[in-house]
Amino acid sequence: MSGPALPDRPAAHPHRGADTPDTAPAAAASPAAPGPRHPAAVCDAKAGAEALSPVASDGRPAAGPGAGQPGAAPDGGPGARRGPDGTGVGGDDLAPARLRRVLGQYATGVCAVSTRVDDAPDGAPRHDAIAVNSFTSVSLRPPLVSMCLRDDSAFLQRLYTAGVWGVSFLADDARPLLRVLTARSDTRPPVESEAAWATGPHTGCLLLTDGPGTLECALHLTQPIGDHVLVVGRVLGATYRDRDPLLFHRGGFTAVAAPA
């Protein structure tokens, strides 16, 4: 989760897919031509902890309540509707830190998203993986899922090249793995040796063998949104295990509470 933020995003969420989980609300992709749509240019130097942070995909909120209605001024200007504390709701004047704090109240799961590195030189890692908390379901028929990754993510560039990705939901005991998954791409150790992985039969991507569930996806479409890219995948295979998931909440990690 895009982003307390993890490495690529100081204490906020794992990587929104930057090479960290993102807690940005997943926006529904607008109708687009089938097949991946790649941004004109994507920098490949940063991403590590991309997704673990409660921030909107473009770092700013959409128009607040009442937008477009009579008497509601856009962008929090004069006449804008006011919140309980008297501050403006929505608009460019909403401080990112305030928005991050509010969105941090929304708990999400955390997953390891992997892809192949098909063009890696001899001796270099053949796989890459990051932590993401902006993951969500989109459709059952056809089976589609999505996540938001920062547009400067090195992982995103690799996903474009491979065209496939794996998703492994993290269990509560997988916290040590987050140190690796949220590291910057230029300092991240080879992920193959950091956990018990299996190679997915549909994609060849790494999948954790002990998490609550896994998915294998083919890149369906992408849509630039602010400083993030919405990535939609078509599910090719799925595995279920009865284990409690790891949660991301208020910038930290926690477990599901046991039933009373």
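Two strands count as paired if DSSP finds at least two bridges between them, where strands (E, at least two residues) and helices (H or I, at least four) are DSSP runs numbered from the N terminus. This is a predicted model, in which local features need pLDDT of at least 70 and side-chain atom pairs count only at pLDDT 80 or more, while totals for chains, interfaces and linings use all residues. Residues are numbered from 1 along each chain as its sequence is written, and side-chain values use heavy atoms, with hydrogens and water left out.

**Exercise 1.** Find the partner of Leu149 in E10, and place the two strands in their sheet.

*Solution.* Strand E5 (residues 144–150) and strand E10 (residues 228–240) run antiparallel and are joined by seven bridges. Within E10, Leu149 has Val229 as its bridge partner. The open sheet holds seven strands in the order E3-E2-E6-E9-E10-E5-E4, with antiparallel pairing. Strand E3 (127–132) and strand E4 (136–139) each have a single partner strand and stand at the edges, so one side of each is left without a neighbour in the sheet.

**Exercise 2.** Decide which disulfide state applies to Cys205, and whether Cys205 is buried or exposed.

*Solution.* A disulfide is a pair of cysteine sulfur atoms within 2.5 Å, and by this rule the count comes to zero. For Cys205, the nearest cysteine sulfur is that of Cys217, 8.9 Å away, and Cys205 is in no disulfide. Buried means under 20% relative accessible area, exposed over 50% and partly exposed in between (1.4 Å probe, protein chains only). Cys205, with a relative accessible area of 0%, is therefore buried.
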